[in-house]
Amino acid sequence: MKNHREKPCIVGIGESELGQVPQSTSLGLTVQAALRALEDAGLAPHQVDGCLSKPPYQEPTFLFTDQLAATLGLRLRYGHDLHAGGCTPVLALANAVRALEAGLCHTVLIAFGENMFTHSKTPRPMHGKLHWGYEDWEEPFGLVGPPAGYALAAKRHMHRYGTTADQLGTIAVTQRQHALLNQGAQMRRPLTLDDYLRSPWIVEPFRLPDCALVSDYGGALVVTTAERAADLRQKPVAVLGYGESHPHRYLMQEEDLTRCGAIESGPAALRMAGVTLHDIDFAELYDSFTYTVLVQLEDYGFCAKGEGGAFVEGGRIAVGGALPVNTHGGLLSQAHADGMLHVTEAVKQLRGQAGPRQVANAHLGLVSGGAGVLAVHASLLLGTT
Amino acid sequence: MEKPLPLITPDTAPFWEGCRNGQLLLQRCTACGAWRYPPAPVCPGCASPVAAWTPTSHSGQIHSFVIYRRAFHPAYAAEVPYAVALVELDEGIRLLLRIVDCPLETLTIGTRGEIRFTRFTDEITLPVFAPRL
């Protein structure tokens, strides 16, 4: 590791009420998380001069970051919207770090939220919905909703490498065990492999527990320079490295359906941090579906290609195992916050604040983000200084 | 409830016109010969904007497939379970297509079949994939 003392640090984290939050708005959830992150850092809104946010999917809003800043009373020297789905937290952190290193500002608030669950019950069509651009080639053909694209990749993976339903199920079961150790998690009931195998199909080969939850959420991070971080109340967590990958826009025309961008974003982040895969103590991997976790474990190189199924068995990815994965429960069992809770959880682990699910001697954590159907991938390495 | 139907644009009109006439026409780049789908104003391989709408073999195989056991749109509620396949045409290009005239339990990756057409409205006819049983 090199120069870690100079790298910008996460000094505050905030999570809103999660899951089903009646009467919530996307802006309200975002503000709640933002204020909690500032409180965590011991900072007031007037001490923030940078802000990055993500406009909600269900109410695509122009200059949402400035709306958030105005709502909180921030005076910005740096800020913009950034929407890269589940890659947003990692890409926003990378942007914040670059802005801090360029001296554009000294303290950045990254905050976004979405009343995804509440909105699904009370849609407001006049506020629009963000499109992803391929609807005309999917929805008329019956391919509607997020699971099918990933399910096509998973099916191909099962065909090519012999990956089994039990192995996908093991990921769901392990993350549920973690969620049960997390008070804020949406899913409170245990899940066994038998439960998994008896659960309803959604889009075969995915059953209900293979799929991310639908949640109301807000999440926030406060990032500042190493120098300022040293004077704040929390143990600083340094952004050691990051990488991104844009392997394609549309998976369906990719020669190999069973790969993901971790192949490129992983080595880029490791290089920047000056560490190797073996140094990583835990991984919070974007988990839109169980398969998403499996394909990343392979493409990062934690195991050989095609062996992700065997890798997740035997408790290896559980807290206490060789590589604890999604120690908070993830999108599958904690809440779907577009990847933000993967970052807040990694910070808790590195501060030693993860309670009953604390990974022993956690010094280096890997966080990933994903967006589209395996179309954009981002990797982040966080560490103690 | 009506099914979601595509918006016909200047970039995509020849595709839909082909379907109405019972022909799967795809763009083939005049400069480098690459097929492309979905329709686009430029070749992603060589950036040439010049392409010819070219008849395809109507023949291919299942590259992967999924079975909808739950409808994600009310218009499909009466049709579940149904299958959608990623079909690789003999030209090497892939399309997402509904599977027709085939028991779901017999579907496998690699199954060969042919393109057929289903009329939805005066404007929209959709290609579908019929596995060879």
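## Exercises on a predicted model: strands, spaces and a buried proline

A:Ile10 stands opposite A:Val237, a residue of strand 8 of chain A. This pairing belongs to a predicted model. The model scores ipTM 0.97 and pTM 0.96. Chain B averages a pLDDT of 96, and 100% of its residues score at least 70.

### Exercise 1. Strand 8

Task: find which strands pair with strand 8 of chain A, and decide whether strand 8 is enclosed or open.

Solution.
- Step 1. Start from strand 1 (residues 9-15) of chain A. Two bridges join strand 1 to strand 8, and the two run antiparallel. The pair A:Ile10 and A:Val237 shows where they face each other.
- Step 2. Turn to strand 11 (residues 376-384) of chain A. Strand 8 and strand 11 pair in the antiparallel sense over eight bridges. Here A:Ala238 stands opposite A:Gly383.
- Step 3. Check burial. Strand 8 covers residues 237-245, and eight of these nine residues are buried, so strand 8 is largely enclosed by the rest of the structure.

### Exercise 2. Strand 7

Task: find the partners of strand 7 of chain A, then work out which of its faces are covered.

Solution.
- Step 1. Go back to strand 1 of chain A. Six bridges join strand 1 to strand 7, again in the antiparallel sense. A:Ile10 stands opposite A:Val223 of strand 7. A:Ile10 also stands opposite A:Val237 of strand 8.
- Step 2. Add strand 4 (residues 107-115) of chain A. Strand 4 and strand 7 pair antiparallel over nine bridges. The bridge partner of A:Phe112 is A:Gly219 in strand 7.
- Step 3. Separate the faces. In a regular strand the side chains alternate between the two faces of the sheet. On one side of strand 7 lie A:Asp216, A:Gly218, A:Ala220, A:Val222 and A:Thr224. On the other lie A:Tyr217, A:Gly219, A:Leu221 and A:Val223. All of them are buried, and both faces are covered.
- Step 4. Conclude. Nine of the nine residues of strand 7 (residues 216-224) are buried, so strand 7 is largely enclosed by the rest of the structure.

### Exercise 3. Empty space

Task: find the largest cavity, describe its lining, and then describe the second largest pocket.

Solution.
- Step 1. Count. The whole structure holds one cavity of 30 Å³ or more. About 50 Å³ of space lies in the largest cavity.
- Step 2. List the lining. Among the residues are A:Tyr150, A:Cys260, A:Tyr286, A:Gln296, A:Ala371 and A:His377.
- Step 3. Assign elements. Helix 10 (290-300), strand 10 (364-371) and strand 11 of chain A each give two or more residues to this lining.
- Step 4. Sort by class. The cavity lining has six nonpolar, five polar and no charged residues.
- Step 5. Move to the second largest pocket. About 340 Å³ of space lies in it. Its lining has 19 residues; A:Gln253, B:Arg36, B:Tyr37, B:Pro38 and B:Pro44 lie nearest its centre.
- Step 6. Sort again. The pocket lining has 12 nonpolar, four polar and three charged residues.

### Exercise 4. A:Pro55

Task: place A:Pro55, decide whether A:Pro55 is buried or exposed, and name its contacts.

Solution.
- Step 1. Locate. A:Pro55 sits in the loop between strand 2 (50-53) and helix 2 (64-72) of chain A.
- Step 2. Apply the cut-off. Buried means under 20% relative accessible area. A:Pro55 has 11%, so A:Pro55 is buried.
- Step 3. List contacts. Leaving out residues up to four places away in sequence, A:Pro55 touches A:Thr61, A:Phe64, A:Asp81, A:Leu82 and A:His83.
- Step 4. Look along the chain. A:Glu114 is 59 residues from A:Pro55, and their C-alpha atoms are separated by 8.7 Å.

Methods: Residues are numbered from 1 along each chain as its sequence is written. Chains are lettered from A and ligands numbered from 1 in the order in which they are written. This is a predicted model: local features need pLDDT of at least 70, side-chain atom pairs count only at pLDDT 80 or more; totals for chains, interfaces and linings use all residues. Side-chain values use heavy atoms; hydrogens and water are left out. Buried means under 20% relative accessible area, exposed over 50%, partly exposed in between (1.4 Å probe, protein chains only). Helices (H or I, at least four residues) and strands (E, at least two) are DSSP runs, numbered from the N terminus. Two strands pair if DSSP finds at least two bridges between them. On a 1 Å grid over the protein atoms alone, a cavity is a set of points where a 1.4 Å probe fits but cannot get out, and a pocket is an open set with protein on both sides within 12 Å along at least five of seven lines; lining residues have an atom within 4 Å of a point. Grid points are joined across faces, edges and corners, and a volume is the space filled by probe spheres set on the points. Ala, Val, Leu, Ile, Met, Phe, Trp, Tyr, Cys and Pro count as nonpolar, Asp, Glu, Lys and Arg as charged, and the others, Gly among them, as polar. Contact means heavy atoms within 4.5 Å. pLDDT is the predictor's confidence in each residue, from 0 to 100.
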